[in-house]
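These are my notebook entries on a protein chain, written down in the order in which I looked things up. I begin with strand pairing and end with the cysteines.

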Amino acid sequence: MPHIKTIEGQLEAKGLKVAILASRFNDFIVDKLIGGAVDALTRHGASREDLTIVKIPGAFEMPLVAQKLAKSGKYDGIVCVGAVIRGATPHFDVVVNECAKGLAQVSLSFSIPLGFGVLTTDNIEQAIERAGSKAGNKGVDAAMAMLETARVVAQL
Ligand code: INI
């Protein structure tokens, strides 16, 4: 049987320079996501000196700041963490859509791996569940997705 070439990313974060972009809105949730991202990266070999946490007001502001971070060329990847909760805002859909669309655009424009750890939930309970309780920690998931993608992209 012919060998099938397979490219996949090793979950090795040693030497990786990462920006963790975090919104302050709902910070009691977002702080847990930041903690999850830092923990996941350092447990996979990243050194704390190679991590930079950038705090901004809300998820709506994320694309612009992610763009500046990507443009700086200082980072191998960006982990975005935030929490947009439907009950808390009448403009939930606007904030969520602009955030997700803008971040995807940054990732593609600058060819930079970007982990999307912005919670979009109907209520606070669902957000708590995804910030280190029964549904895991989406900061961890976003960091791991960014790491794996960075290691794949490096081989292409
Ligand atoms: N920003 C969030 O990150 N989460 C939210 O739940 C939220 N709510 O509920 O409104 C939110 N709004 C602020 C928005 O991101 C901007 O910071 C604001 O509109 C100023 O530009």
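Entry on strands 3 and 4. I looked up V84 and found that its bridge partner in strand 4 is T120. I keep in mind throughout that this is a predicted model. Strand 3 and strand 4 run parallel, and eight bridges join them. I then asked how many of the eight residues of strand 4 are buried. The count is six of the eight, so strand 4 is largely enclosed by the rest of the structure.

Entry on strands 1 and 2. This pair also came up as parallel, with six bridges joining strand 1 to strand 2. Following the chain, I passed from strand 1 through helix 1, residues 27-43, and on to strand 2, and I noted that this β-α-β crossover is right-handed. As one example of the residues that face each other here, I wrote down L21, which stands opposite V54 in strand 2.

Entry on two loop residues. In the loop between strand 1 and helix 1 I came to N26, whose phi is near 60°, a positive value in a residue other than glycine. I wondered whether N26 is buried or exposed. Its relative accessibility is 18%, and since buried means under 20%, N26 counts as buried. I next looked up S111, which lies in the loop between helix 3 and strand 4 and has a phi near 50°, again positive in a residue that is not glycine. S111 is exposed, with a relative accessible area of 59%.

Entry on helix 2. Which residues of helix 2 are buried? In this helix, residues 62-72, I listed M62, P63, A66, L69 and A70 as the buried ones. Looking down the axis of helix 2, I saw that these buried residues fall within an arc of 125°, so they line one face of the helix. I recalled the general reason for such a pattern: an α-helix has 3.6 residues a turn, so residues three or four places apart point the same way. On the face of helix 2 turned away from the buried side, I found the exposed residues L64, K68 and K71. I then checked what the buried residues of helix 2 pack against, and the list holds strand 1 (18-23), strand 2 (51-56), strand 3 (77-85), helix 3 (92-110) and strand 4 (114-121). After helix 2 comes G73, with a positive phi near 70°.

Entry on N137. This residue is in strand 6, residues 136-137, and with a relative accessible area of 14% N137 is buried. I asked what the side chain of N137 reaches, and I found the backbone oxygen of K32 at 3.0 Å. Leaving aside neighbours within four places in sequence, I noted that N137 is in contact with K32, L33, G36, R130, A131 and G132.

Entry on the cysteines. How many disulfides does the structure hold? I found zero, and I wanted to know why C80 and C99 do not form one. The sulfur of C80 has its closest cysteine sulfur in C99, 7.0 Å away, which is too far for a bond, because a disulfide needs the two sulfur atoms within 2.5 Å. I also checked their surroundings: C80 has 0% relative accessibility and counts as buried, and C99 is buried too, with a relative accessible area of 1%.

Conventions. Residues are numbered from 1 along each chain as its sequence is written. This is a predicted model: local features need pLDDT of at least 70, side-chain atom pairs count only at pLDDT 80 or more; totals for chains, interfaces and linings use all residues. Side-chain values use heavy atoms; hydrogens and water are left out. Buried means under 20% relative accessible area, exposed over 50%, partly exposed in between (1.4 Å probe, protein chains only). Helices (H or I, at least four residues) and strands (E, at least two) are DSSP runs, numbered from the N terminus. The arc is that of the directions from the helix axis to the C-beta atoms. Contact means heavy atoms within 4.5 Å. A polar contact is a pair of N or O atoms within 3.5 Å; within protein, one must be able to donate a hydrogen and the other to accept it, and residues adjacent in sequence count only if both atoms are side-chain atoms. Two strands pair if DSSP finds at least two bridges between them. A crossover is right-handed if, with the strands pointing away from the viewer, the path from the first strand over the helix to the second runs clockwise.
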